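Trainee: I have a model open on my screen and I'd like to learn how to read its insides. Could we go through it together?

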Amino acid sequence: MPDDARARQRTGTGLGLLLVLVLAAVLLTALPDDGEREGGDACAPHSVAAWSAEAGLTAEFARYGDDPARGDDWTGGDGTHSVRLPDGRVLWLFSDTYLGRVHAPPNPFGESVTWRDTTAPLVRNSAVVMRDGRLESTLPAPLFPDPAPNQWRWPVAARVEPRSPGSSEKVLRVLLWVRTAGQAPWIYGVPTATEVATLSLPDLKVESVVKVLDQQLVPDPSRRVLFGTTLVEEDGWTYVFGGDDGQAASRPASRAYVARVPEGRLAEPGAWRYWNGSAWADAGARPRAVLGDGQRTGVGSAFSVARVRGTYVLFTMAAGTEGLSTVTSYWACSPTGPWHGPTKDFSPSLPQGAQVAAYNPQVHPELSGDGRLVLSYDVNWLETVGAAAQLNRNVSLYRPRFVTLRVAPTR
């Protein structure tokens, strides 16, 4: 081949390669990165810019719990979750709940606080109905009966969805955690299974309870994952977050996981898909944590996720001893992460002079708006021995408190 022909060939090859590289660069520039594919351009780092006590809601639960006219209704509880019903009512779901009658001060110790008899019944779950911002009634408790001896159900997140995909009939789905009585360190029960209850509307009758993920075959209880501490609805999917019980195994923090379910199919075990680190897989695959190294980063036993301007923001108690009083947050552009943080902390108020801790920060989207988030947190006695006596001695301790947050971009 003549030299000029070889030169033209080399030049043509170089130009072709250059065009390929240019086109590849254009395509790479046009494609969003992993963090933008679900978050879009609106996704940006977010953290708590300001917070203040939400005194009105806190006072409403105190008013309702202290009402002496009611003889056997809700007087205190934890595990606070809420859901707005189609008729505008808000249903509040609680885990361990004290019923009975509350007495005016002073208590038997001469303290100026409302109190309960030590014989007051404790049930594993309850539900309270709110209308127009006022609590009005407690459903028969427990709403969800124990599945077996030495087992109980704690309700967590809930949503209203079609009875089946495309159906015009709406039902209420409530996620349930099943726990089994155990010895230390499992003083709050051994994680056992995740269930979904279906309730009819508007009468709130329990129609069925379906087990969606059984964890009894996972030998290490600290590795068992229960789903439903919080959920986010997005583009026809329900993203359901869960956690393991790493803190019970003396790790400073537990790990967070996520599953997703098509709208209308929360009560179908076969419709659930779990993030395994690279794809959505069925229940046969082990879920992989999306957040938490078990030490500096991670979540508490219960946490909450909200979507703010295209960014997912997760609220949890801080890792380590700070988790007794301090709420922190993480952010991500996708439910599967990567999650960034922890970011700015804040410490909501706790009862003065009491040995108590805060836990279970939960966002209530149906009460939020105008750039603010309403978040509840539960309060309990620090020492498990004698806790019931202390909570009856001063009933105001074992009730949800509320704050209002302003979450803003950090760049």
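**Cavities, cores and pockets**

Mentor: Sure. Keep in mind that this is a predicted model. Let's start with enclosed space: the structure holds one cavity of 30 Å³ or more.

Trainee: How does one find empty space in a model, and what is the volume of the largest cavity?

Mentor: Rolling a probe the size of a water molecule over the atoms shows where empty space is left. Here the largest cavity comes out at about 60 Å³.

Trainee: Which residues line the largest cavity?

Mentor: Look for Trp-177, Arg-179, Pro-191, Arg-224, Leu-226, Thr-229, Gly-242, Gly-243, Asp-244, Asp-245 and Ser-301. Sorted by class, that lining has three nonpolar, four polar and four charged residues. At least two lining residues come from each of β12 (170-180), β15 (226-234) and β16 (237-243).

Trainee: Okay, now the nonpolar core. What should I look for, and which residues touch the most other members of the largest one?

Mentor: In soluble globular proteins, nonpolar side chains tend to be buried together. In this model the largest nonpolar core has 25 residues, and Phe-315, Leu-373 and Leu-405 touch the most other members. Six elements are worth colouring: β20 (304-308), β21 (311-317), β23 (356-363), β24 (373-381), α3 (387-393) and β25 (401-409) each put in at least two residues. Of the elements, β24 gives the most to this core, with five residues.

Trainee: If I click on Leu-405, which residues does Leu-405 touch?

Mentor: Leaving out residues up to four places away in sequence, Leu-405 touches Val-48, Ala-50, Trp-51, Phe-315, Phe-346, Gly-371, Arg-372, Leu-373 and Leu-375. Apart from the largest core lies another, of 22 residues, and Val-240, Tyr-257, Ala-267 and Tyr-274 are among them.

Trainee: What about cross-links: how many disulfides are there?

Mentor: The idea is to look for pairs of cysteine sulfur atoms within 2.5 Å. By that rule there is one disulfide. The disulfide joins Cys-43 to Cys-333, with an S to S distance of 1.8 Å. The pair links distant parts of the chain, 290 residues apart. Cys-43 sits in the loop between α1 (3-30) and β1 (46-53), while Cys-333 is in the loop between β22 (327-332) and β23.

Trainee: Is that link left-handed or right-handed, and are Cys-43 and Cys-333 buried or exposed?

Mentor: The angle about the S-S bond is -90 degrees, and the link is left-handed. Both cysteines, Cys-43 and Cys-333, are buried.

Trainee: Last topic, open space. What volume does the largest pocket have, and which residues are the closest to its centre?

Mentor: A pocket is an open set of grid points, whereas a probe in a cavity cannot get out. The largest pocket has a volume of about 1400 Å³. It is lined by 46 residues, and the closest to its centre are Ile-187, Tyr-188, Ser-301, Tyr-359 and Asn-380. Two or more lining residues come from each of β11 (151-162), β12, β23, β24 and α3, and β23 gives the most, with four. The lining divides into 24 nonpolar, 14 polar and eight charged residues.

Trainee: And which residues lie nearest the centre of the second largest pocket?

Mentor: Those are Leu-231, Val-363, His-364, Pro-365 and Glu-366, out of 31 lining residues. The second largest pocket has a volume of about 550 Å³. For this lining, β15 gives the most, with six residues. By class, the lining has 13 nonpolar, ten polar and eight charged residues.

Terms used:
Residues are numbered from 1 along each chain as its sequence is written. This is a predicted model: local features need pLDDT of at least 70, side-chain atom pairs count only at pLDDT 80 or more; totals for chains, interfaces and linings use all residues. Side-chain values use heavy atoms; hydrogens and water are left out. On a 1 Å grid over the protein atoms alone, a cavity is a set of points where a 1.4 Å probe fits but cannot get out, and a pocket is an open set with protein on both sides within 12 Å along at least five of seven lines; lining residues have an atom within 4 Å of a point. Grid points are joined across faces, edges and corners, and a volume is the space filled by probe spheres set on the points. Ala, Val, Leu, Ile, Met, Phe, Trp, Tyr, Cys and Pro count as nonpolar, Asp, Glu, Lys and Arg as charged, and the others, Gly among them, as polar. A nonpolar core is a set of buried Ala, Val, Leu, Ile, Met, Phe, Trp, Tyr and Cys residues joined through side-chain atoms within 4.5 Å. Buried means under 20% relative accessible area, exposed over 50%, partly exposed in between (1.4 Å probe, protein chains only). Contact means heavy atoms within 4.5 Å.
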